[in-house]
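Visitor: I've got a structure open and some questions ready. Mind walking me through it?
Guide: Sure, pull it up and fire away.

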Amino acid sequence: GGTGAAKPKREKASTKISFLDPPTAAVTAKQLFAPAGKAVIVLPAKTGAAAPVSANRRKSKKVVKRDDHTLPDDMHFSSRQLLRLFLKPKFTLKMRRQGVPGDDAGDG
Amino acid sequence: ESIPPIFDQAQFTLASHRKNIVTLYKIHAQCAAISEEVPGRGIKLTGEKAFNDAFLDMVNRVLPVKKGVPNADKIIKFCGSFVGYVSEKEKKDRADGEEDEDEDEDTPASRFVATLLKHLLKGFLAKDKNVRYRVCYFVAQMVSSVGEMDEDLYTTLRASLLERVRDKETPVRLQAVIALAKLAKGEEGMDLEDGQQSLLEVLVDVVRFDPVADVRRAALLNISCTPTTLPALLTRTRDEDTILRKLVYRHVLAALPTPLILSIAQREEVVRNGLGDREPAVRAAAANLIGAWVDAVGGLEKFLVMLDVSTSIVAEDALLSVFVTRPDVFDELEFDEAYWGDLNPERAFLARVFVDHCINTKASKSFDDTRLETALPVVTALAFRIQDAYNALIALINVLGSISPARDTPAEDDEEMKREDTEFILSQMLKLAVNLDYADEIGRRKMFGLVRDMISQEALPEPLVALCLDVLRKLSASERDLIRVVVEVVQELRDTGKDDDETVEPEHAPDDETQYGDETVEQGNRAPGGSRGKVNGRPEPEEMDDETREKMEYIDLRCLALCIGMLERVNGTLQENSSFHGLLPELIVPAVRSKVPLMRERGLICLGLCCLIDRKMALNSFQLFMHQVQTAPETLRVKVLQTVFDLLMVHEADILKGTIGPQGESRIVDFLSHALEETNEIQAVATEGIAKLMLSGMVSDENVLKRLVLVYFSPETADNQALRQCLSYFFPVYCYSSPANQRRLQRIFVPTIELLAGVHRELDQEEEMVAPAQVGLLLLDWTDPQKTVGKPGSEPDDSIHMDIAIDIVRGLFRSDMEKDDKKTLAQLLGKLHVPEKLDDDKVRTLKVLLDNLQARRPLKDTTARNAFARFQNSITKKFAEQLAGFSEEDF
């Protein structure tokens, strides 16, 4: 949820933490540490680091394919590739018909 | 008590921390002194308990504070420092030798730390994400100074952190990773339970798989680089995050004492990924690292040894990068007599790349012409060196050939290595020879004679053939001369082959059937092997003994390689080169029909290259190649398909007119489109070929464009990067280069989105594909008239997006369109480029359609309806003047 973006000014003023007041009910450990259902606070199995494997779960060899956040192999494709013959890469084609950018179009 | 004011002060400024820590420690010591005796149950530490309770109360007040509040951060740092101070003091006290105190016994300090940790651990599963974040933050700050911990507490802490590394909140994971990294340092060398993942392994997992770059970065910076972690760290050279990639070079790899820790393959990977990165900042970081390697290994020659120049494909890039990043190294290079007299692979490589670099940078102002001149050897001198190396190579080949084929003695390994080195040195010198100045006629003749001699020997290793041809091309006055020389050499080679054969028969005149370029070539090829006539006066292969046949084959393969190499280097027409014609029936046509796969492949490539420069042959052989596309074995099929595309690119009009008839284009296109369903490699070739045909305007069929778009987004091509990257380059170039091309894409817009949305709905769990809305945005971008490259004669067509709007609204009328697709399309309306001017007809059509849809078939989905209404309003408003007085009936 992204509702906190709109009010940076108010936060600045209220950042002081009150240490001098006597302990109030609001900060009792019990409330602070109110537990959550475990499923809610962890990432799904497909993402993130591997969950600890318990002994009996290891038997099911179902490997979850995880995204390892890498870029694909760069083929370094360039404009020149579209302007040359497969068999004779040393020669550049003369495009005869409509507009084709010149060699200087670059590959970005 | 006086604890709260200390915290109150500590939240504002770090400067007060030192003083406050000392004060707090004194309070702690005072408290520790207070205890009372409970009869029968020992001593009750009332003072300590009071201190701890008060302390925890302070901590609790920080826990619910959300991320980014500096006061809370300061308190956490304060507590971390305090724990550190307390632990230090305790250690010192022990060292001071209070003999009476047992090592294992609790102290006020250890009890305080344990209480604090246990308290924080209770928050690890809290529902409030701020609490989970703060407790992890606390732990991360104090964990390295905690000192000894009892085993149960350690186990709980470790397990709790491992859970939080998988927290769904990024800031929590980040702090957990930092804490774990500190804990991991202590775990090194410790015994783990069977099958238990070490903390380092967990971090390695995080660095690869955490979905958020910040967390991966934290892990990267905290993992020590060891042989076990290195492979995972190196995968990050291709991380999605630019900063992270940069960190790998700047931080992880730069910290290695020497690149020799990396394997050759790893060095290669580092160089390739780094210097090939799309981000200049990453390239710069990699270039700096590589530049530093020169010193780390002790000089440029050792640097080149480390990269293994003779097998590396990136050594050249690495060296060129060093030339740029290390001008000091570059300026020191000298190529004197002594240098040339003592060549090894590295030196030959260095000289060759140096010369290439000088020639490539010649245009730039800073280039010093004299450097190149002094570096280049005299032609005659280089010719002699090449000759020496060549003789040495042949001698080595003979030695190796005469000893048993199974080389297993060290001496033989040694010879083999020498052979490889010599061949490599020779290859570098030949590359260098292309760049020499051949004004000196004597030197020119010497080199020409030498290289001509080399290619006419069958012992010349095949990889050197092409390099020799490059030199020969440079030395030939014209293409014609080159062709003549190669034809001579081929004839000599084949004659020698025949001389060796005692059973040689008198020459027959070439069969009619084998006339080059004859259509019957195809039939001959298809005919079953039974009735093959004798070709070229040679005996039937069946009549030869194995050894002779093998030798003949070898020579023919070599001759074909020479022809291919030569044809790749010329562009004139064959008609002018009658000397070549004889080779067609003698060598090339029989090769095309050969049953030996390599022979056939070379024959076909050779024939294809001939066709490229000979229109008549192209017309006659086109069907043969088309046929081969379907029937040839897979490896060959790639080449044949490439040939078909090349022929179309060069002779398109004639091929269409001459052989296929009026429906030629669509038939060929159909045929080629089938290749889009084949293996990855063939798909990629077909894509690139079709892209070229479309870009040059030879293919203008919208259905083909549609196929390309579908193939591009299809989940089936997700692993075909050659195809994907070709198309991501092609579509913008194709569309922005001409409004007519944008028009084509406009016409297929709605049906294409619908098709892809259908594919997206049917997606398997394992498959990945961009959402239809994303597809739509890309197509809109490609059809954006504002992005066309303005050119005289083809003005941007401002109304393209408005035609898309009309298509979309027409689609929204349809009852057979999926509701989701309607929503996708309706939302795209808002992204359209609405031009300042639009002709009356289009404005009215659009207006009528919009109003009608709203009146008769209003959209059911709210989001879609709103998007639609916004677009409708904007059109009504923008063209109010044009629409004034217009009513539907008039229309």
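Visitor: Leaving out residues up to four places away in sequence, which residues does Ser16(B) touch?
Guide: Keep in mind that this is a predicted model. Ser16(B) sits in the loop between helix 1 (3-10) and helix 2 (17-32) of chain B. Setting aside residues up to four places away in sequence, the contacts of Ser16(B) are Gln9(B) and Ala10(B).

Visitor: Is Ser16(B) buried or exposed?
Guide: The cut-off for buried is under 20% relative accessible area. Ser16(B) comes in at 10% relative accessibility, so this loop residue counts as buried.

Visitor: How many helices and strands does chain B have, then?
Guide: Chain B runs to 891 residues, and buried residues make up 52% of them. Of its contacts between residues at least 6 apart in sequence, 70% join residues at least 24 apart. As for secondary structure, the tally for chain B is 44 helices and 2 strands.

Visitor: And what pattern does chain A follow along the sequence?
Guide: Chain A has 108 residues, with 24% of them buried. Its secondary structure is 4 helices and 0 strands. Read along the sequence, that gives α-α-α-α.

Visitor: What share of the surface that chain A exposes do carbon and sulfur atoms supply?
Guide: For chain B, the accessible surface is about 40600 Å², and 50% of that belongs to carbon and sulfur atoms. Chain A exposes about 7800 Å², and there the carbon and sulfur share is 57%.

Visitor: On to charges. Where do Arg352(B) and Asp356(B) lie?
Guide: Their side chains meet in a salt bridge, 2.8 Å from N to O. Arg352(B) is buried, because its relative accessible area is 4%. The two residues are 4 apart, about one turn of the helix, and both belong to helix 19 (residues 345-360) of chain B.

Visitor: Is Arg444(B) buried, partly exposed or exposed?
Guide: Arg444(B) has a salt bridge to Glu441(B), with the closest N and O atoms 3.5 Å apart. Both lie in helix 23 (residues 441-455) of chain B, 3 residues apart, about one turn of the helix. Glu441(B) has 36% relative accessibility and counts as partly exposed. Arg444(B) has a relative accessible area of 23%, so the label is again partly exposed.

Visitor: How many residues apart are Asp556(B) and Arg494(B)?
Guide: Asp556(B) and Arg494(B) form a salt bridge whose closest N and O atoms are 3.0 Å apart. The pair links distant parts of the chain, with Asp556(B) in helix 27 (residues 546-568) and Arg494(B) in helix 25 (residues 479-499) of chain B, a separation of 62 residues.

Visitor: Why do Asp556(B) and Arg494(B) each count as buried?
Guide: Buried means under 20% relative accessible area. Asp556(B) is buried because its value is 12%. Arg494(B) is buried too, since its relative accessible area is 4%.

Visitor: Which residues do salt bridges with shared partners join into one network?
Guide: Salt bridges with shared partners make one network out of Asp68(A), Arg208(B), Arg216(B), Arg236(B) and Asp239(B). Over all chains, the salt bridges number 53.

Visitor: Where is Glu716(B), which belongs to the negative surface patch?
Guide: That patch is formed by Asp67(A), Glu240(B), Glu716(B), Asp764(B), Glu766(B), Glu767(B) and Glu768(B). Glu716(B) is exposed, because its relative accessible area is 62%. Its place is in chain B, in the loop between helix 35 (702-713) and helix 36 (721-736).

Visitor: What value is phi of His76(A) near?
Guide: Most residues other than glycine have a negative phi. His76(A) lies in the loop between helix 3 (38-41) and helix 4 (79-82) of chain A. His76(A) is partly exposed, because its relative accessible area is 40%. Its phi is positive, near 50°.

Visitor: And what value is phi of Asp308(B) near?
Guide: Asp308(B) is in the loop between helix 15 (300-307) and helix 16 (315-325) of chain B. With a relative accessible area of 26%, Asp308(B) is partly exposed. Phi of Asp308(B) is a positive value in a residue other than glycine, near 55°.

Technical notes: Residues numbered from 1 in each chain as written. Chains lettered and ligands numbered in written order. Predicted model: local features only at pLDDT ≥ 70, side-chain atom pairs only at ≥ 80, totals over all residues. Heavy atoms only, no water. Patch = residues over 30% accessible without salt bridge, like charges linked within 9 Å, V, L, I, M, F, W, Y side chains within 5 Å. Areas by Shrake-Rupley, 256 points an atom, 1.4 Å probe, with all protein chains shown as cover. Salt bridge = Lys/Arg side-chain N within 4 Å of Asp/Glu carboxyl O. Lys, Arg positive; Asp, Glu negative; His and termini not counted. Charge placed at Lys NZ, Arg CZ, Asp CG, Glu CD. Buried < 20%, exposed > 50% of the residue type's maximum accessible area, 1.4 Å probe, protein only. Contact = heavy atoms within 4.5 Å.
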